[in-house]
Amino acid sequence: MHRFLLSLLLFCCVPFPAAKAGVDMTKPLDLKFTAVDGRKVDLARMRGKVVLIDFWATWCPPCRLISPDLARLHKKFHSQGLEIIGVSVDSDKQGLLDFVKKEGEPWPQYFDDSGGPGNEIADRFEIQVLPTLFLIDKKGMVVTANLFEQVWTADGKIPPVPSDATHRKIDAMLEKLLKAS
């Protein structure tokens, strides 16, 4: 059991340069599911909006670290056309629901209680590192499949607290995409 917990901790804490996801960046991303709260999610119906997809887990320290940032981004940019979608690889549904409520995350969350390997959506996109964040433009195209590495890491390391520079960088990226036609 201790070895399993150590593996989980390393899985989400060790920065991996150029973490890759299995995403075809030449065509709009196709994703449909029913969120844990019953909402229907269909990226095709979100065309015209910028979408951030967060592959994460409540037990992942870097995921928890950026959670307040995602809530800040949602609050700041949702009215301008930003949507956030969570894909949780947790195995504890109530733990997930409690966490998103506590953190003020009103966006839809995918949950299938597989607890990691076997998560239908994470496996489909070959997610190997948490958090992994996809940024999708208004046409449904993946702008980046490694937003976490591009914005929240510095020299391959995860700082204990996101900096003002981190906030400026992600805000500028979103503002540019939201203004694009």
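**View 1. Thr58 counts as buried, with a relative accessibility of 15%.** This is a predicted model, so keep in mind that "buried" here means under 20% relative accessible area. You'll find Thr58 in the loop that runs between β3 and α2 (61-77). Its side chain makes a polar contact of 2.7 Å with the side chain of Asp90. Leaving out neighbours within four places in sequence, Thr58 is in contact with Arg64, Asp90, Gly95, Leu96 and Phe99.

**View 2. Asp171 is another buried residue, at 9% relative accessibility.** Look for Asp171 in helix α6 (residues 164-179). What does the side chain of Asp171 join up with in a polar contact? The partner is the side chain of Lys76, at 2.9 Å. If you skip residues up to four places away in sequence, Asp171 touches Arg72, Leu73, Lys76 and Phe77.

**View 3. Five strands line up as an open sheet.** Read across the sheet and the order is β5-β4-β3-β6-β7, with mixed pairing. At the edges sit β5 (109-110) and β7 (142-144), each of which pairs on one side only. Helix α3 (residues 93-103) packs on this sheet and touches β3, β4 (82-88) and β5. The direction of α3 makes about 130° with that of β3.

**View 4. Strands β3 and β6 run antiparallel to each other.** Five bridges link β3 (residues 50-56) to β6 (residues 132-136). Want some landmarks? Ile53 stands opposite Phe134 in β6, and Phe55 stands opposite Thr132 in β6.

**View 5. β6 is largely enclosed by the rest of the structure, because five of its five residues are buried.** In a regular strand, side chains alternate between the two faces of the sheet. Which residues of β6 lie on each side? Thr132, Phe134 and Ile136 are on one side, with Leu133 and Leu135 on the other, and all of them are buried.

**View 6. β6 and β7 make a hairpin with five residues between the strands.** The two strands pair in the antiparallel sense over two bridges. Ile136 has Val142 in β7 as its bridge partner. Also in this hairpin, check out Gly140, which takes a positive phi near 90°.

**View 7. The largest nonpolar core brings together 32 residues.** In soluble globular proteins, nonpolar side chains tend to be buried together. Here, the residues with the most contacts inside the core are Leu29, Ile53, Phe55, Phe125 and Phe134. Two or more residues come from each of β3, β4, α3, α4 (120-124) and β6. Which of the elements gives the most to this core? That's β3, with four residues. Zoom in on Phe55 and, not counting residues up to four places away in sequence, you'll see that Phe55 touches Val87, Ile121, Ala122, Phe125, Ile127, Leu130, Pro131, Thr132 and Phe134. There's also a second, separate core of 20 residues, which includes Ile84, Trp107, Ile170 and Leu174.

**View 8. Confidence in the prediction drops below a pLDDT of 50 over residues 1-19.** For the whole protein chain, the average pLDDT is 85, and 86% of the residues score at least 70. Beyond near neighbours in sequence, the stretch 1-19 has 24 contacts in the model. Where pLDDT is low, though, the predicted coordinates should not be read in detail.

How values were computed
Residues are numbered from 1 along each chain as its sequence is written. This is a predicted model: local features need pLDDT of at least 70, side-chain atom pairs count only at pLDDT 80 or more; totals for chains, interfaces and linings use all residues. Side-chain values use heavy atoms; hydrogens and water are left out. Two strands pair if DSSP finds at least two bridges between them. Contact means heavy atoms within 4.5 Å. Axes are lines fitted to C-alpha atoms, for helices over the stretch in contact, and angles run from 0 to 180 degrees between N-to-C directions. pLDDT is the predictor's confidence in each residue, from 0 to 100. Buried means under 20% relative accessible area, exposed over 50%, partly exposed in between (1.4 Å probe, protein chains only). A nonpolar core is a set of buried Ala, Val, Leu, Ile, Met, Phe, Trp, Tyr and Cys residues joined through side-chain atoms within 4.5 Å. A polar contact is a pair of N or O atoms within 3.5 Å; within protein, one must be able to donate a hydrogen and the other to accept it, and residues adjacent in sequence count only if both atoms are side-chain atoms.
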